[in-house]
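The paragraphs below lead a reader through one structure step by step, beginning with its overall layout and moving on to single residues. It may help to keep the sequence and the 3D view at hand while reading.

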Amino acid sequence: MRTFKFRVWNKVSKVLTQPHAVSDEIFSNPNLEIMQFTGLLDRNGKEIYEGDILKYYGEVVWIAQSASFRVNPTRDNADISFTESFLNIDDSEIAGNIFENPELLNK
């Protein structure tokens, strides 16, 4: 059974936190960006969240239509398919996230 966890980026204070409890107030606050845990770990055992940027793959995103996570490839690896990137998730490593390290999306 998958654990549902979230982390929160505060757009005002520019701080990334993991709330102890998730409430309606968090989801309705326009100053907060909510990121869901994918249920996967990178090769170092670090939890992979929506908004993380994986080295050599790209940004982890939630696809509402299919209720699943995918990886949006960065420009230099646009030939890697979503399926291939998750098949190789054990080899992945978190490089940063879209809020603290947006420059990684341009590499």
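**From the layout to single residues**

The chain holds two helices and eight strands. The model is a predicted one, and every value given here is to be read with that in mind. Followed from the N terminus, the elements come in the order β-β-α-β-β-β-β-β-α-β. Of the 107 residues in the chain, 36% are buried. Among the contacts in the chain with a separation of 6 or more, 47% are between residues 24 or more positions apart.

A good place to begin is strand β1, which spans residues 6-10. Four of the five residues of β1 are buried, so this strand is largely enclosed by the rest of the structure. It has pairing partners in β3, with which β1 runs antiparallel over five bridges, and in β2, to which β1 is joined by three bridges, again in the antiparallel sense. The residue N10 shows both pairings, since N10 has L32 as its bridge partner in β3 and stands opposite V15 in β2.

Between β1 and β2 the chain turns back in a hairpin with four residues between the strands. K14 has its place in the loop between these two strands, and its phi is positive, at about 60°, although K14 is not a glycine. Most residues other than glycine have a negative phi. With a relative accessible area of 54%, K14 is exposed.

Further along, in the loop between β2 and α1, lies Q18, which counts as partly exposed because its relative accessibility is 43%. Q18 and F6 are twelve residues apart in sequence, and their C-alpha atoms are 6.5 Å apart in space. Leaving out residues up to four places away in sequence, Q18 touches K5, F6, R7, E47 and Y49. With Y49 there is also a polar contact, in which the two side chains are joined at 2.7 Å.

Y49 leads on to the aromatic residues, for which the count comes to three pairs. A pair of aromatic rings is described by the distance of the centres and the angle of the planes. One of the pairs is formed by W9 and F99, which are stacked, with 5.4 Å from centre to centre and 15° between the planes. Because W9 lies in strand β1 and F99 in the segment after β8, this pair ties together parts that are 90 residues apart in sequence. W9 counts as buried, at 7% relative accessibility, whereas F99 is partly exposed, at 23%.

Another pair joins F37 and Y49, whose ring centres are 5.4 Å apart and whose planes stand at 45°, so this pair is tilted. F37 belongs to strand β3 (residues 32-41) and Y49 to strand β4 (residues 47-49), so the parts tied together here are twelve residues apart in sequence. F37 is buried, with a relative accessible area of 7%, and Y49 is buried too, at 4% relative accessibility. Over the face of F37 lies K5, at 5.5 Å from the ring centre.

Which residues make up the largest nonpolar core? This core has seven residues in all, namely I48, L54, Y57, V60, F69, V71 and I94. Apart from it lies another core, of five residues, including V8, I26, L32 and I34. In soluble globular proteins, nonpolar side chains tend to be buried together.

The walk ends at N97, a residue of strand β8. Is N97 buried or exposed? N97 is buried, because its relative accessible area is 4% and the cut-off for a buried residue is under 20%. Its side chain makes a polar contact of 2.6 Å with the side chain of E100. Beyond its neighbours within four places in sequence, N97 is in contact with R7, L16, G51, D52, I53 and P102.

Key:
Residues numbered from 1 in each chain as written. Predicted model: local features only at pLDDT ≥ 70, side-chain atom pairs only at ≥ 80, totals over all residues. Heavy atoms only, no water. Core = buried A, V, L, I, M, F, W, Y, C linked by side-chain atoms within 4.5 Å. Buried < 20%, exposed > 50% of the residue type's maximum accessible area, 1.4 Å probe, protein only. Phe/Tyr/Trp six-rings, centres within 6.5 Å; stacked < 30°, edge-to-face > 60°. Lys NZ or Arg CZ within 6 Å of the ring centre and 35° of its normal. Polar contact = N/O pair within 3.5 Å; in protein donor to acceptor, adjacent residues only side chain to side chain. Contact = heavy atoms within 4.5 Å. Pairing = 2+ DSSP bridges.
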